[in-house]
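Trainee: I have a new model open and want to learn how to read it. Can we go through it in questions and answers?

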Amino acid sequence: MKTKILNNLLILFLILNLSQFIFTETTEKTVVTSRVRGIVKMPGGTETVKILLTKGNLVYSGFSWSNGSFSIETSPGLYFLQVVSANYFYPTYRIAVSSRFNDRVKVKKISTTSATQSVQATQATYPLEIEPIATFFVKEQEFSITNYLWNSQMFITLLPLVLFVVITYAKPFLEGQVKQVEEENKKRKTE
């Protein structure tokens with residue numbers, strides 16, 4: 001009798017669970033994912049950089065491989081791609097990932113002009129080939145005497161010294177010239 005009751009309970013439990021799947025609609029959405037791909041070009045060699053895809057408060061991030069290539073899996077929507085590097089400054093890209101067609105991505109490069117503060121978006125190729133705009137650090141010049149002497153502070157420092165030396169050595173010569181001119185003037189006056 002116990003086994004009959006347990007069997008009936010088990011069958012009832014199975015029927016209730018199956019009816020839940022049969023009579024209710026599924027509300028889960030299947031999310032289509034795409035990949036944003038590209039290559040980050042680094043003139044200084046191989047450096048791993050961080051790539052950020054931003055959509056409102058949602059941020060997808062990834063790192064580049066040693067050859068500069070990257071691939072980030074995303075959902076459809078409009079994103080802004082930024083490359084974070086310690087040595088180089090990269091442009092920002094606006095990326096539209098299509099929900100209808102898998103792996104269809106439209107890319108625009110965003111640039112601002114500092115004079116007018118206007119934003120311009122130009123069409124870019126996909127997969128992305130991202131090149132740096134500028135470097136953060138400039139290579140320091142090596143020491144040389146000519147660079148040292150042509151420095152503006154050296155002119156300011158050495159000019160008074162040079163004038164002092166020239167005047168000191170020229171003073172006897174100038175005094176002799178002045179006496180000679182005065183004697184010539186006296187001779188002219190007496191004639």
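**Reading strand β1 and beyond**

Mentor: Start with β1, in a model that is predicted. Its side chains alternate: Ser34, Val36, Gly38 and Val40 are buried and point to one face. Arg35, Arg37 and Ile39 point to the other face and are not buried.

Trainee: Which strands make up the open sheet that holds β1, and in what order?
Mentor: The sheet has three strands, and their pairing is mixed. Neighbouring strands are turned by 25° against each other on average, direction ignored. The order is β4-β1-β10.

Trainee: Why is one side of β4 and of β10 left without a neighbour in the sheet?
Mentor: Look at residues 69-74 for β4 and 128-130 for β10. Both strands stand at the edges, so one side of each stays without a neighbour in the sheet. The reason is that each has a single partner strand.

Trainee: In which sense do β1 and β4 pair?
Mentor: Strand β1 covers residues 34-40, and six bridges link it to β4. Ser34 stands opposite Thr74 in β4. Arg37 stands opposite Ser71 in β4. The sense is antiparallel.

Trainee: And in which sense do β1 and β10 pair?
Mentor: Here there are three bridges. Gly38 has Leu128 of β10 as its bridge partner. The sense is parallel.

Trainee: Which residue in the turn between β2 and β3 has a positive phi?
Mentor: These two strands form a hairpin, with two residues between them. They run antiparallel and are joined by six bridges. Within that pairing, Leu52 stands opposite Ser61 in β3. The residue with a positive phi, about 65°, is Gly56.

Trainee: Is Gly56 buried or exposed?
Mentor: Gly56 sits in the loop between β2 and β3. Exposed means over 50% relative accessible area. Gly56 has 66%, so it counts as exposed.

Trainee: How far apart are the C-alpha atoms of Gly56 and Tyr79?
Mentor: Along the chain, these two residues are 23 residues apart. In space, their C-alpha atoms are separated by 8.3 Å.

Trainee: Is Ser75 buried or exposed?
Mentor: Ser75 is found in the loop between β4 and β5. The cut-off for buried is under 20% relative accessible area. Ser75 has 15% relative accessibility, so it counts as buried.

Trainee: Which residue's side chain makes a polar contact with the side chain of Ser75?
Mentor: Look for a pair of side chains, one of them from Ser75. The contact is at 3.3 Å. The partner is Tyr60.

Trainee: Which side chains of β7 point to the buried face?
Mentor: β7 covers residues 92-97, and its side chains alternate. Thr92, Arg94 and Ala96 point to one face and are not buried. The buried ones, on the other face, are Tyr93, Ile95 and Val97.

Trainee: What is the relative accessible area of Tyr93?
Mentor: Tyr93 has its place in strand β7. Its C-alpha atom is separated by 8.3 Å from that of Tyr79, 14 residues apart along the chain. Tyr93 is buried, because its relative accessible area is 4%.

Trainee: How many bridges join β5 to β7?
Mentor: The two strands run antiparallel. Leu78 stands opposite Ala96 in β7. The number of bridges is five.

Trainee: How many helices and strands are in the chain?
Mentor: Follow the elements from the N terminus: α-β-β-β-β-β-β-β-β-β-β-β-α-α. A helix begins the run, and two helices end it. The totals are three helices and eleven strands.

Trainee: What share of the residues of the chain count as buried?
Mentor: The chain has 191 residues. Its accessible surface comes to about 15800 Å², with 60% belonging to carbon and sulfur atoms. The share of residues that count as buried is 18%.

Trainee: Where in the chain is confidence lowest?
Mentor: The chain averages a pLDDT of 75, and 71% of the residues score at least 70. Confidence is highest in β2, residues 50-55, at a mean of 87. Where pLDDT is low, the predicted coordinates should not be read in detail. The lowest confidence, at a mean of 59, is in residues 2-23, helix α1.

How values were computed
Residues numbered from 1 in each chain as written. Predicted model: local features only at pLDDT ≥ 70, side-chain atom pairs only at ≥ 80, totals over all residues. Heavy atoms only, no water. Helix = DSSP H or I, 4+ residues; strand = E, 2+ residues; numbered from the N terminus. Buried < 20%, exposed > 50% of the residue type's maximum accessible area, 1.4 Å probe, protein only. Areas by Shrake-Rupley, 256 points an atom, 1.4 Å probe, with all protein chains shown as cover. Pairing = 2+ DSSP bridges. Axes fitted to C-alpha atoms, helices over the stretch in contact; angles between N-to-C directions. pLDDT = per-residue confidence, 0-100. Polar contact = N/O pair within 3.5 Å; in protein donor to acceptor, adjacent residues only side chain to side chain.
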